[in-house]
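Biologist: I would like to learn how to read charged side chains in a model. Could you take me through the pairs and then the surface?

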Amino acid sequence: MDASGKQNIFGLSLSVGKRFEKISAALNGSVGHSKGKITSSLPGSMQMDKLKTRVPETLFNVGGDVAYALTDELSIAASPQLWVFPKATEKTSIGSQNAFRLKNKAQVFAEVPLSLRGSWTIPSAADTKIRLKGELGGSVKVGKLSKESRLFAVGTEAKEDISQKNFRRWNGFGTMAVSVKQGRFEGGLAASAATGDGKLDAALTARANWNF
């Protein structure tokens with residue numbers, strides 16, 4: 001089967017924080033919505049109209065972050081988060097005819113990451129600031145980690161319950177970054193890695209800012 005697809009994602013995120021002598025605290029919230037469309041077709045020997053599947057998904061997230069300074073360079077932090085995936089229906093059609101409905105039940109779980117953070121200033125020229133930052137930690141999820149769905153064949157009584165575990169209970173992560181600020185220019189390079197959901201993700205990001 002040959003398949004292709006596209007996905008449009010919309011999101012909004014807000015956060016507010018306050019720093020005290022040894023403690024910093026912040027609250028965050030976000031909402032996201034995606035609209036996916038998958039088009040697939042069977043091999044030429046099996047003539048059939050194309051299958052089109054529409055996959056909507058909405059996400060709500062609220063949480064916070066509290067960090068306590070152990071020393072001038074090291075701090076320990078907790079970042080509890082609540083994730084909510086409301087129920088949604090995926091629709092599949094063959095040609096112009098409705099064929100299947102996949103009704104996903106709501107999914108709610110909490111995540112509690114704990115981490116050790118470090119930040120060091122590297123000696124440099126008077127007009128240049130170089131900082132090295134790192135973070136190492138892990139998290140545990142509590143709640144409904146399986147995606148529960150029910151598949152219906154349109155126009156018939158056929159239906160089937162489907163359960164798929166789509167989040168691991170334990171995860172680990174690490175980040176190392178360096179930033180340079182000189183006058184109006186600020187740039188940075190960061191490397192990160194995370195384990196979770198049966199895979200290892202790694203990323204390298206770079207950024208540059210010019211402050212007017």
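**Charges, paired and unpaired**

Modeller: Start with one surface residue in this predicted model. Lys181 is partly exposed, because its relative accessible area of 39% falls between the limits of 20% for buried and 50% for exposed. Lys181 is found in strand E12, which covers residues 170-182.

Biologist: Which residues gather with Lys181 in a patch of positive charge on the surface?

Modeller: Lys181 is joined there by Arg19, Lys129, Arg131 and Lys133. Strand E9 supplies the largest share of this positive patch, three residues.

Biologist: Now the pairs. How many salt bridges does a search of the whole structure find?

Modeller: The general idea comes before the count. Side chains of opposite charge can pair when their charged atoms come close. Here, the search of the whole structure finds six salt bridges. One of them joins Arg117 to Asp65, with 2.7 Å between the closest N and O atoms. That pair links distant parts of the chain: Arg117 is in strand E8 (residues 107-122) and Asp65 is in strand E3 (residues 51-69), 52 residues apart.

Biologist: Are Arg117 and Asp65 buried or partly exposed?

Modeller: Arg117 has a relative accessible area of 24%, so Arg117 is partly exposed. Asp65 has a relative accessibility of 18%, which is under the 20% limit, so Asp65 counts as buried.

Biologist: Which residues are linked with Arg117 in a network of salt bridges?

Modeller: The network links Arg117 with Asp65 and Glu135.

Biologist: What does Lys141 meet in a salt bridge?

Modeller: The side chain of Lys141 meets that of Glu111, at 3.8 Å from N to O. Lys141 lies in strand E9 (residues 128-143) and Glu111 in strand E8, so this salt bridge ties together parts that are 30 residues apart in sequence. Lys141 and Glu111 are both buried.

Biologist: And which residue forms a salt bridge with Glu186?

Modeller: Glu186 pairs with Arg207, and their closest N and O atoms are 3.7 Å apart. Glu186 belongs to strand E13 (residues 185-196) and Arg207 to strand E14 (residues 199-210), so the pair ties together parts 21 residues apart in sequence.

Biologist: How should I read the accessibility of Glu186 and Arg207?

Modeller: Read each value against the same kind of limit as before. Glu186 is partly exposed, with a relative accessible area of 21%. Arg207 also counts as partly exposed, at 41% relative accessibility.

Note on methods. Residues numbered from 1 in each chain as written. Predicted model: local features only at pLDDT ≥ 70, side-chain atom pairs only at ≥ 80, totals over all residues. Heavy atoms only, no water. Salt bridge = Lys/Arg side-chain N within 4 Å of Asp/Glu carboxyl O. Helix = DSSP H or I, 4+ residues; strand = E, 2+ residues; numbered from the N terminus. Buried < 20%, exposed > 50% of the residue type's maximum accessible area, 1.4 Å probe, protein only. Patch = residues over 30% accessible without salt bridge, like charges linked within 9 Å, V, L, I, M, F, W, Y side chains within 5 Å. Areas by Shrake-Rupley, 256 points an atom, 1.4 Å probe, with all protein chains shown as cover. Lys, Arg positive; Asp, Glu negative; His and termini not counted. Charge placed at Lys NZ, Arg CZ, Asp CG, Glu CD.
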